Amino acid sequence: EDYMVQQTRIGNHKFTRAQITKTTAAEEVVVSWTVTNTKTGYLAAVELSAVAHLNETLVLFNVQVDGVSILTKRHRGNVDRSFSFLLPVPHKLAGDGIKTIRVVVEQATVNDSVYNASLMGWEE
């Protein structure tokens with residue numbers, strides 16, 4: 001029964017991916033997904049990866065729904081410069097109606113680092 005329920009959602013699949021290069025310490029949006037009005041958005045997983053500058057001391061990823069942080073991942077860039085994470089999340093974090101899910105990143109320095117993020121889910 002659970003398998004059949006999951007199969008009905010394949011046609012409503014949402015996958016959004018983006019990459020940015022940062023050279024500022026300010027917060028910046030990597031990727032965002034706005035749930036369609038009158039639909040319910042279900043966020044299933046978030047994938048984060050980066051290639052941090054050799055001198056980058058700290059990277060902070062935040063997954064937000066309408067500006068409210070729901071997941072945070074901190075990473076020491078100068079220890080492990082290239083990293084990737086897959087964060088499973090509880091379904092329906094996006095909620096009903098027009099909601100914006102976004103991944104933002106901050107870094108401690110103004111060094112040149114590259115960040116990738118993917119949002120995976122569906123709408124019904």
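Select Gln-64 and Arg-102 to begin: their side chains make a polar contact at 2.8 Å. Keep in mind as you go that this is a predicted model. Gln-64 lies in strand S4, and with a relative accessibility of 6% it counts as buried, since the cut-off for that is under 20%.

Now expand the selection around Gln-64. Leaving out residues up to four places away in sequence, it touches Glu-27, Ser-69, Ile-70, Thr-100, Ile-101, Arg-102 and Val-104. One of these, Ser-69, is the bridge partner of Gln-64 in S5. For a distance label, try the C-alpha atoms of Gln-64 and Ser-32: they are separated by 9.2 Å, while the two residues stand 32 apart along the chain.

**The hairpin**

Next, colour residues 59-65 and 68-75. These are strands S4 and S5, which run antiparallel and are joined by 7 bridges. Together S4 and S5 form a hairpin, with 2 residues between them. Stop at Asp-66, which sits in the loop between S4 and S5. What is the phi of Asp-66? The value is near 50 degrees, positive in a residue other than glycine. Most residues other than glycine have a negative phi. Asp-66 counts as partly exposed, because its relative accessibility is 43%.

**A second positive phi**

Move to Thr-38, in the loop between strand S2 (28-34) and strand S3 (40-51). Thr-38 also has a positive phi, near 75 degrees, and it too is a residue other than glycine. Is Thr-38 buried or exposed? It is exposed, with a relative accessible area of 71%.

**Ring pairs**

Show the aromatic side chains next. The whole structure holds 2 aromatic pairs. For one of them, select Tyr-42 and Trp-122: the ring centres are 5.0 Å apart and the planes meet at 10 degrees, so this pair is stacked. Tyr-42 belongs to strand S3 and Trp-122 to strand S9 (residues 113-123), so the pair ties together parts that are 80 residues apart in sequence. Both Tyr-42 and Trp-122 are buried.

Then pick Phe-61 and Tyr-115. Here the ring centres are 5.8 Å apart and the planes stand at 85 degrees, so the pair is edge-to-face. Phe-61 is in strand S4 and Tyr-115 is in strand S9, so you are looking at a link between distant parts of the chain, 54 residues apart. Phe-61 and Tyr-115 are both buried.

**Into the core**

Stay on Phe-61 and show what surrounds it. Setting aside neighbours within four places in sequence, Phe-61 is in contact with Leu-48, Ser-49, Ala-50, Leu-71, Thr-72, Lys-73, Phe-83, Val-103, Val-104, Val-105, Tyr-115 and Asn-116.

Which residues have the most contacts inside the largest nonpolar core? They are Phe-61, Ile-101, Val-103, Tyr-115 and Leu-119, in a core of 22 residues. To see where this core comes from, colour by element: S2, S3, S4, strand S6 (82-88), strand S8 (100-107) and S9 each give two or more residues to it. As a general pattern, nonpolar side chains tend to be buried together in soluble globular proteins.

**Zooming out**

Finally, reset the view and show the whole chain as a cartoon. There is 1 helix and there are 9 strands. Reading from the N terminus, the helix comes at the start of the order α-β-β-β-β-β-β-β-β-β. Of the 124 residues in the chain, 40% are buried. If you plot a contact map, look away from the diagonal: among contacts with a separation of 6 or more, 80% join residues 24 or more positions apart. Switch on the surface to end the tour: the chain exposes about 6,700 Å², and carbon and sulfur atoms supply 52% of that area.

Note on methods:
Residues numbered from 1 in each chain as written. Predicted model: local features only at pLDDT ≥ 70, side-chain atom pairs only at ≥ 80, totals over all residues. Heavy atoms only, no water. Helix = DSSP H or I, 4+ residues; strand = E, 2+ residues; numbered from the N terminus. Buried < 20%, exposed > 50% of the residue type's maximum accessible area, 1.4 Å probe, protein only. Contact = heavy atoms within 4.5 Å. Areas by Shrake-Rupley, 256 points an atom, 1.4 Å probe, with all protein chains shown as cover. Pairing = 2+ DSSP bridges. Phe/Tyr/Trp six-rings, centres within 6.5 Å; stacked < 30°, edge-to-face > 60°. Polar contact = N/O pair within 3.5 Å; in protein donor to acceptor, adjacent residues only side chain to side chain. Core = buried A, V, L, I, M, F, W, Y, C linked by side-chain atoms within 4.5 Å.
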